[in-house]
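Dear colleague,

I am passing on the structure we spoke about, with the sequence and the coordinates placed just below. My notes on what was found in it follow underneath.

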Amino acid sequence: MAMNPTVERVTQRIIERSRSTRAAYLDLVERSRDQGLNRPRLSCGNLAHGFAASGEDKPAIKSGKAMNIGIVTAYNDMLSAHQPYGRYPEQIKIFAREVGATAQVAGGVPAMCDGVTQGQDSMELSLFSRDVIAMATTVGLSHAMFEGALLLGICDKIVPGLLIGSLRFGHLPTILVPAGPMPTGLPNKEKVRIRQLYAEGKVGRDELLESESASYHSAGTCTFYGTANSNQMMMEMMGLHMPGSSFVLPGTKIRQELTRAATHRIAQIGWDGDDYRPLGRCVDEKAIVNAIVGLLATGGSTNHVIHLPAIARAAGIQIDWNDMDDLSRVVPLIASVYPNGAGDVNYFAAAGGMPYVIRELIGSGLAHPDILTVYGQSLEEGAQQPVMEGDNLRWDPAPEVSGDDSMLRPVSAPFQPEGGFRLLKGNLGRGTIKVSAVDPSRWTIEAPCRVFEDQNAVLDAFKAGELERDVIVVVRFQGPAANGMPELHKLTPPLGVLQDRGFKVALVTDGRMSGASGKVPAAIHVSPEAKLGGPLARLRDGDVVRVCANSGELVAVVPAEEWSAREEAVAPASAPGVGRELFALMRQHSDPAERGGSAMLAAAGL
Ligand SMILES: O=C(O)[C@H](O)[C@@H](O)[C@H](O)[C@H](O)COP(=O)(O)O
Ligand code: SF4
């Protein structure tokens, strides 16, 4: 199948733009590999420390003859998605022995649950926690005891952080090992209905808690199509998971067999075998484009327009929002997973899931099949779904047709002809908007604005009845340099109430939204941010603002001479508490959202 000309053109543009940085990166990968198996370079003392506590694996590790797999784990009990990982290292050690290899936990990384911190001060640590995870990943892998890595992480900033860190050890073959989604609980639309009733004061806290607990009820990834499940989609599109392993429930036999298969596979693609597949070569320009295409085709999380540039930079690849906007014009929306539609990821998986999506995108020339996956000769083998045959795991071809066309449709008959991402530009700066969950009648909103500098002030104004009109709510000083660029997802219920009451409503912010945010049009990630002199600092209550996803406009309708003469508002002082003061260095040196919002990558000159 010939590649779509726009996908080909954008891919070549990225290759050209990245030529020197990609060459430098691949040189690092080669040099790290040519320094040989890391363990022989360690001293006897280093080695002895490294395997002192390895028990029955000590002879094998000491001999240096068997592959030693480094496990980097993001286990904790805060993320329902990561809770199953508590038992994975012991399982993986057993699976490694089955193929004459060994495994050790190289290190743990922190993981923030954005659901627990949503709307809290601690959400201001969320974006930068990605870089803490990346650095923690390098701390684990820097022990240099390993010839391959298995990464245990699923949620928002964790997969990006694990990848960024592991890419700096790009000579190591590496596989991401998922744990699977939570079984479906209270339908997401019912959860939202109760939230809006609570926002209107029509139900109490007890009823809200019961509703939330029925939605988020057990181990596994939350089932909306937010950043975590978008991570899973991207790993499938980049060939870094075993095929079709993302959306298989935790605690099942097939889930365990998928973990076993990943462990056996990493032992086959290590560099002392004849099928060496270093991570640094798996993550190339085509794989990154595949991730963007998958994000657009499935209506994935807006957070990835920030994380993907950061992941790409860690591999010497430079992408920007123009690339995404160009691709969005030719990639149709073929999935409708909540908040874009009614059904959650379990319904998406049952309808054909990622194997079907990969089949459709390759078959239509929108995804590059010729990438170095961890499992096969091309991404075409990613269009397979795992099934159990007795006690044995096998892979069957993806379904030729969707099992539920309310969830998944062919490229030939999509939900929308274009992807859900739009780049917005104008005298308010550059921003992004995800329209896949927004009714087309609301793709253009023009109304007087009300300017806030704190999301709680918006909630107070709503409760005081001050927003009962057509209004563009502006929340500024929410960028990386200001306060760490939190998600403002707590604003979704009140803005949704206003929208349901018939008002024209939109949000404009230099902050972020959750991947679970949907129905209210939101121009987010506005750059340059207000803290750094961005135009949002000049807005005043009552200015008419126009957000238009059709024309790509983000403008203040203010006469040019008045606009340029405006004084900029002064940013509120950074507040201490919940550890925010320890992230000051990241705020002070972060680069803009479009580059990934990373002080770490900026300082590294990547
Ligand atoms: O980007 C994301 O997907 C979100 O950060 C998500 O991980 C977060 O947990 C949401 O806040 C959950 O949605 P609710 O807050 O609506 O439960
Ligand atoms: S999807 Fe979000 S809320 Fe759910 S476990 Fe992951 S980080 Fe937490």
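Which helices each supply at least two residues of the shell around ligand 1? They are helix H7 (114-117) and helix H12 (227-237), and please keep in mind as you read on that the model is a predicted one.

Staying with ligand 1, 14 residues surround it, and the closest of them are Asp114, Gly115, Gly226, Thr227 and Gly515. By class, this shell around ligand 1 is made up of two nonpolar, nine polar and three charged residues. Domain 1 (5-183 + 218-397) and domain 3 (421-572) each contribute at least three residues to the shell around ligand 1.

For ligand 2, the surrounding residues are Leu79, Ser80, Ala81, Cys113, Asp114, Gly115, Cys155, Asp156, Thr221, Cys222, Gly226 and Ala228. The shell around ligand 2 divides into six nonpolar, four polar and two charged residues. You will find Asp114, Gly115 and Gly226 among the residues around ligand 2, and these names also appear among the closest residues to ligand 1.

Turning to the chain as a whole, the domain assignment gives domain 1 (5-183 + 218-397), domain 2 (185-216) and domain 3 (421-572). The centres of domain 2 and domain 3, taken over C-alpha atoms, are separated by 26 Å, and the contact between them takes four residues from domain 2 and four residues from domain 3. On the side of domain 2 that touches domain 3, one residue is nonpolar, one is polar and two are charged.

As for the interior, the largest nonpolar core holds 185 residues, of which Leu150 and Val293 touch the most other members. Helix H15 (residues 285-298) provides the largest share of this core, namely nine residues, and the core draws at least three residues from each of domain 1 (5-183 + 218-397) and domain 3 (421-572). If neighbours within four places in sequence are left aside, Leu150 is in contact with Ile69, Ile71, Ile92, Ile175, Val177, Ala262, Thr263 and Ile266.

Finally, a word on the record: an unreviewed UniProt entry annotates residues 407-596 as "domain: Dihydroxy-acid/6-phosphogluconate dehydratase C-terminal". Over residues 407-596 in the model, the chain is 18% helix and 24% strand, and the end C-alpha atoms lie 31 Å apart.

With best wishes

Methods:
Residues numbered from 1 in each chain as written. Chains lettered and ligands numbered in written order. Predicted model: local features only at pLDDT ≥ 70, side-chain atom pairs only at ≥ 80, totals over all residues. UniProt positions renumbered as here; feature names shortened; annotations may be inferred. Helix = DSSP H or I, 4+ residues; strand = E, 2+ residues; numbered from the N terminus. Core = buried A, V, L, I, M, F, W, Y, C linked by C-beta atoms within 7 Å. Buried ≥ 20, exposed ≤ 12 C-beta atoms within 10 Å, placed from the backbone. Domains from an automatic or database assignment. Contact = placed C-beta atoms within 7 Å. Nonpolar A, V, L, I, M, F, W, Y, C, P; charged D, E, K, R; others polar. Near = placed C-beta within 6 Å.
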